[in-house]
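Biologist: I'm new to this one, so could you take me through a single part slowly? I'd like a close look at the salt bridges, and where their partners sit.

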Amino acid sequence: MLCSLLTFFGLYSLACWLYENIRTPVLLVVNGIQELIHGNRRSLSQKYGPWAVITGGSDGIGKGYANFLAGQGMKVALVARNEVKLKKVAEEIRNKHGVETKVVVADFSKGESIFDHLERELISLDIGILVNNVGVINEKPVRLERMEKRLLWDLINVNMGAATLLCRILIPSMKQRKRGLIINISSLASLAATPYLTVYAATKAYMTSFSDGLREELRPFGVECQTVSPGYVRTSMTEYFASAEGEPSELSKRVISVSDMIRYAGFTISKADTTTGHWLHGIQTGILKAFPPSLRLKIFSKLYTQLLAEYSDEKPKTS
């Protein structure tokens, strides 16, 4: 009897793990084959609408998405706080892809006050895709009490408030048109509480929960919502991985490039509702999900205690 129960729970656990981790690759294969067989693949602008809005579009992952979507023939509206960088990226995209671009300067760290301006700038566009990418992170692993108050508010306003309020602005038009796609950038850090990256990981857990719940709200209206949860990608947020001499550290050598991530993540658009953005991060996520949350916390705690010791200005206390 005991052996039968253990076998049952073992098989049940394996089935749950397989569903969680094999579902996205299966969807990619099945949907990709269907497109090839039926030969009726519509462009992203035909399926969702002509305009894509990308927050944090002047650098890193946001810039990567902007170039990918422009390469698919979509007009792109770039939203970020640095006007000079925005205009430079917009010009690069126009010259490279020959599409219309729009620059919207907005500092999401200002909180609620900027969203009336954003609504005026964006509401008249036929927006098909919204990429909620903008985010901030503490420069290095750090204890909560050593974080500046301004950074704490930025983590809340930028990492959670930006996506939430922009969705509130743009969803009514998407529902009315019965089409659209929202891509919310979360993080592998959302899988477990992360010491010394505590607030950032919590904001990304919010993004995953928000995105998953929103997907079900929007499903009856023909609007899609994709959650992207990558691991470490080589952007300005991971610059501290470089050694003091400026040479790549062992950890930085294992960080994937933006172009590699976007190549994979772009392929998943319209084919899967959740993705890690890269197959390597998918393997990492699958391994982590094999452990219960309490053990994931132990794994993240050990990793970030080591990173605190290596990259922070302080050393972790030992008990």
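Modeller: What follows is a walk through some of the salt bridges, with a short stop at a helix afterwards. Keep in mind that this is a predicted model. As background, side chains of opposite charge can pair when their charged atoms come close. Here the cut-off is a side-chain nitrogen of Lys or Arg within 4 Å of a carboxyl oxygen of Asp or Glu, and by that rule the count comes to 12 salt bridges.

Let's start with K47 and E224, whose closest N and O atoms are 3.9 Å apart. K47 belongs to helix α2 (residues 44-48) and E224 to strand β6 (residues 224-228), so this pair ties together parts that are 177 residues apart in sequence. Buried or exposed, or something in between? K47 has 25% relative accessibility, so K47 counts as partly exposed. E224 is partly exposed too, because its relative accessibility is 29%.

Now for a pair inside one helix. R150 and D154 form a salt bridge, with 3.2 Å from N to O. Both of them lie in helix α6 (residues 149-177), 4 residues apart, and that's about one turn of the helix. R150 comes out at 46% relative accessibility and counts as partly exposed. D154, on the other hand, has a relative accessible area of 15%, so D154 is buried.

Helix α7 (residues 198-218) has a pair of its own: D212 and R215 both lie there, 3 residues apart, again about one turn of the helix. Their closest N and O atoms are 3.2 Å apart, making a salt bridge. D212 is partly exposed at 29% relative accessibility, while R215, at 8%, counts as buried. There's also a group to look up in the viewer: D126, R177 and R179 are joined into one network by salt bridges that share partners.

Before we stop, have a look at helix α8 (residues 258-268), where burial can be followed along a helix. V258, M261, I262, A265, G266 and T268 are buried there. Where do they sit around the axis? They cover an arc of only 145 degrees, which means they are on the same side of α8. Carry on just past the end of α8 and you'll meet S270, which takes a positive phi of about 75 degrees.

So, to retrace the route: K47 with E224 links a helix and a strand, R150 with D154 stays within α6, and D212 with R215 stays within α7.

Note on methods. Residues numbered from 1 in each chain as written. Predicted model: local features only at pLDDT ≥ 70, side-chain atom pairs only at ≥ 80, totals over all residues. Heavy atoms only, no water. Helix = DSSP H or I, 4+ residues; strand = E, 2+ residues; numbered from the N terminus. Buried < 20%, exposed > 50% of the residue type's maximum accessible area, 1.4 Å probe, protein only. Arc of directions from axis to C-beta.
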